[in-house]
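Here's a quick briefing to read alongside the coordinates. Have the viewer open and follow the bullets topic by topic.

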Amino acid sequence: EKVSQMIADGEIDYAEKITVTDGFEDTDFLAYISPKAEGGISIIERSIVTMLREASKGKRVAICIDELNRWSRSLMNFILTFIDSIDWDNYVLNNFVADERIIIPRANLLVYATINLGWRYSGINSMDEALKDRFSFNFYVGYNQDNEKELLTNYFGSLADGVETAIKEIRELYTSWEIGSSISTRWIKSWGEVYMRMPVKTPKTLFKSFMDTLMFKLTSPDDYWVYSSLEEASILQVLKPLI
């Protein structure tokens, strides 16, 4: 949102996002392989490299590295050296695929990244301290309450206020370690979409849609995949005013 505003205000010329996935290497940041119609392969430069070359010539560029802590070791080392300005005036991109060094004035480049932290996310690494140290600012981004308020109104209508209260209390159960998971915005959408498809909109069908979508995401199974009845009871207590 901030970068979009910077583009609208003329502070940034280009913006690009690159999403890191499992197995993403330093070469994947720079180029990708494409088969030729006549056989063989071509190595195609990624648009982000072209954009960074433009930044070296004066364009102002913003890059988002999404899901950064799904890095491989080669990508982490590549990003470490890339955003560690050698003289506090310039960044240097080692484009080894093209045997090229792209020198970018710091004033022309904004690099930011998103990460997911927590043992429940698969395929992620602990955030490396050296890599984290390369970023000047760190922010925690929670749930977008305005967006969620709109979703609740659209999905649940006159019951939206009660649902909002229940979600808040269930999240508090999670933060106090009483249940295994919290309700994400995506889970609110899942619940709402199922409720919207119910032929009759009543507290009873609201409860059923919750049970069908969220109850067994929120509670923790043991080693035999038996879900905790104590956690379920805590959630049911929260839902009682809605029924």
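**Helix packing and cores at a glance**

H8 and H9 sit oblique to each other, since their axes cross at roughly 130°, a value that falls outside the over-145 range for roughly antiparallel and the 65 to 115 range for roughly perpendicular. Bear in mind that this is a predicted model. Below, the helix pairs come before the two nonpolar cores, and a handful of loop residues round things off.

**H8 against H9**

- The axes of H8 and helix H9 (residues 203–213) come within 9 Å, and the crossing is right-handed.
- On the H8 side, the contact is made by Ser-190, Trp-191, Val-194 and Tyr-195; facing them in H9 are Thr-205, Leu-206, Ser-209, Phe-210 and Thr-213.
- Sorted by class, that contact has five nonpolar and four polar residues, with no charged ones.

**H7 against H11**

- Helix H7 (residues 160–175) packs on helix H11 (residues 229–239) with the axes 9 Å apart and an angle of about 155°.
- That angle is over 145 degrees, so H7 and H11 count as roughly antiparallel.
- The H7/H11 crossing is right-handed.
- H7 brings Ala-166, Glu-169, Ile-170 and Leu-173 to the contact, while H11 brings Ser-234, Ile-235, Val-238 and Leu-239.
- Six of the residues in this H7/H11 contact are nonpolar, one is polar and one is charged.

**H7 against H8**

- H7 also packs against H8, here at about 140° and with axes 13 Å apart.
- That makes the pair oblique, and H7 passes H8 in a right-handed crossing.
- Val-163, Ile-167 and Arg-171 from H7 meet Thr-185, Ile-188 and Trp-191 from H8.
- By class, the H7/H8 contact comes out as four nonpolar, one polar and one charged.
- Trp-191 turns up in the H8 contact with H7 and also in the H8 contact with H9.

**The nonpolar cores**

- The largest nonpolar core has 31 residues, and Phe-29, Phe-82, Leu-93 and Leu-109 touch the most other members.
- Elements giving two or more residues to this core are the helices H2 (26–30), H3 (47–56) and H4 (73–82), along with the strands S4 (61–66), S5 (90–95), S6 (100–105) and S7 (109–113).
- H4 supplies the largest share, six residues.
- Beyond its neighbours within four places in sequence, Leu-93 is in contact with Phe-29, Leu-30, Val-49, Leu-52, Phe-78, Phe-82, Glu-100, Arg-101 and Ile-102.
- A second, separate core has 27 residues, including Leu-173, Phe-210, Leu-214 and Val-238.
- Some of those names are familiar from the helix contacts: Leu-173 and Val-238 belong to the H7/H11 contact, and Phe-210 to the H8/H9 contact.

**Loop between H7 and H8**

- Ser-182 lies in the loop between H7 and helix H8 (185–196), and at 15% relative accessibility it counts as buried.
- Not counting residues up to four places away in sequence, Ser-182 touches Tyr-143, Arg-171, Tyr-174, Trp-187 and Leu-218.
- Trp-177 is in the loop between H7 and H8 too, but it is exposed, with a relative accessible area of 78%.
- Trp-177 has a positive phi of about 65° although it isn't a glycine.

**Other loop residues**

- Asp-99 is another non-glycine with a positive phi, about 50°.
- It sits in the loop between S5 and S6 and counts as exposed at 75% relative accessibility.
- Gly-40 is found in the loop between strand S2 (31–35) and strand S3 (41–45), where it is exposed at a relative accessible area of 54%.
- Measuring C-alpha to C-alpha in the model, Gly-40 and Leu-109 are 36 Å apart, with their positions 69 residues apart in sequence.
- Tyr-227 has its place in the loop between helix H10 (215–218) and H11, and is partly exposed, with a relative accessible area of 28%.
- Leaving aside neighbours within four places in sequence, Tyr-227 is in contact with Phe-216, Thr-219, Ser-220 and Pro-221.
- Tyr-227 and Leu-30 are 197 residues apart in sequence and 46 Å apart in space, C-alpha to C-alpha.

Conventions:
Residues are numbered from 1 along each chain as its sequence is written. This is a predicted model: local features need pLDDT of at least 70, side-chain atom pairs count only at pLDDT 80 or more; totals for chains, interfaces and linings use all residues. Side-chain values use heavy atoms; hydrogens and water are left out. A nonpolar core is a set of buried Ala, Val, Leu, Ile, Met, Phe, Trp, Tyr and Cys residues joined through side-chain atoms within 4.5 Å. Buried means under 20% relative accessible area, exposed over 50%, partly exposed in between (1.4 Å probe, protein chains only). Helices (H or I, at least four residues) and strands (E, at least two) are DSSP runs, numbered from the N terminus. Contact means heavy atoms within 4.5 Å. Axes are lines fitted to C-alpha atoms, for helices over the stretch in contact, and angles run from 0 to 180 degrees between N-to-C directions. Angles under 35 degrees count as roughly parallel, over 145 as roughly antiparallel, 65 to 115 as roughly perpendicular and the rest as oblique. A crossing is left-handed if the near helix is turned anticlockwise from the far one by less than a right angle, and right-handed if clockwise. Ala, Val, Leu, Ile, Met, Phe, Trp, Tyr, Cys and Pro count as nonpolar, Asp, Glu, Lys and Arg as charged, and the others, Gly among them, as polar.
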